[in-house]
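Me: Could you take a close look at one part of this protein for me, starting from a single side chain and working outwards? I would like to know what touches what.

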Amino acid sequence: MSTTPKRILIIDDDDDIREVAGLTLEMIGGWTVLTANSGASGIERARAETPDAILLDVMMPGMDGPTTFQEMQKIPEIAHIPVILLTAKVQGADQKRFASLGVAAILFKPFDPMTLTHQISDALGWAN
């Protein structure tokens with residue numbers, strides 16, 4: 001079994017969300033956290049770093065989360081990386097649209113920092 005910490009990329013335009021989620025995943029999960037504040041910079045960061053998973057905000061200016069995910073799927077070296085959408089949109093129609101994209105999971109804001117690592121691990125089938 002590998003003892004290398006998981007590497008997760010958080011793509012969110014909200015500084016506070018990146019900071020809270022990042023600190024949580026580092027402290028509770030022991031993971032290495034990478035961040036980006038836009039879809040375009042997130043794609044570049046994913047290409048450069050090849051993280052184990054990506055936590056992707058849905059609502060961002062410029063390129064939103066679903067568009068960012070679709071663009072990532074066109075890039076062979078990062079298309080395999082599991083993506084979890086992070087959204088405040090809880091309407092059924094939105095959830096169905098997001099699920100139809102082929103993302104690994106959808107998590108809702110506001111999230112509980114104390115359970116975020118567990119939620120991500122469960123969604124991706126990672127042992128806690």
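Reply: Leu116 is in contact (heavy atoms within 4.5 Å) with Ala21, Thr24, Leu25, Leu55, Leu107 and Phe111, leaving aside its neighbours within four places in sequence. Happily, a few words on the source fit here: this is a predicted model, in which local features need pLDDT of at least 70 and side-chain atom pairs count only at pLDDT 80 or more, while totals for chains, interfaces and linings use all residues. Residues are numbered from 1 along each chain as its sequence is written, and side-chain values use heavy atoms, with hydrogens and water left out.

Leu116 lies in helix H5; helices (H or I, at least four residues) and strands (E, at least two) are DSSP runs, numbered from the N terminus. Because its relative accessibility is 0%, Leu116 counts as buried, a word that means under 20% relative accessible area, with exposed over 50% and partly exposed in between (1.4 Å probe, protein chains only). From the C-alpha atom of Leu116 to that of Glu49, 67 residues apart along the chain, the separation is 22 Å.

Staying with H5 for a moment, the segment after this helix (113-124) holds Trp126, whose ring pairs with that of Trp31, in the loop between helix H1 (15-27) and strand S2 (32-36). The two are 95 residues apart, so to speak a link between distant parts of the chain. Their ring centres are 5.3 Å apart and their planes stand at 85 degrees, so the pair is edge-to-face. For rings of Phe, Tyr and Trp (its six-membered ring), a pair needs centres within 6.5 Å; planes under 30 degrees apart are stacked, over 60 edge-to-face and the rest tilted. The structure holds one aromatic pair, and both Trp31 and Trp126 are buried.

Now to another buried residue, Gly65, found in helix H3. Gly65 has a relative accessibility of 0%, which is why it counts as buried. Leaving aside neighbours within four places in sequence, Gly65 is in contact with Leu56, Asp57, Val58 and Met60. The C-alpha atoms of Gly65 and Ser38, 27 residues apart along the chain, are separated by 8.9 Å.

Helix H3 also has a helix partner: H2 (residues 39-49) and H3 pack at an angle of about 30 degrees, with their axes 10 Å apart. Here axes are lines fitted to C-alpha atoms, for helices over the stretch in contact, and angles run from 0 to 180 degrees between N-to-C directions. Gly39, Gly42 and Ile43 of H2 make the contact with Thr68, Glu71 and Met72 of H3.
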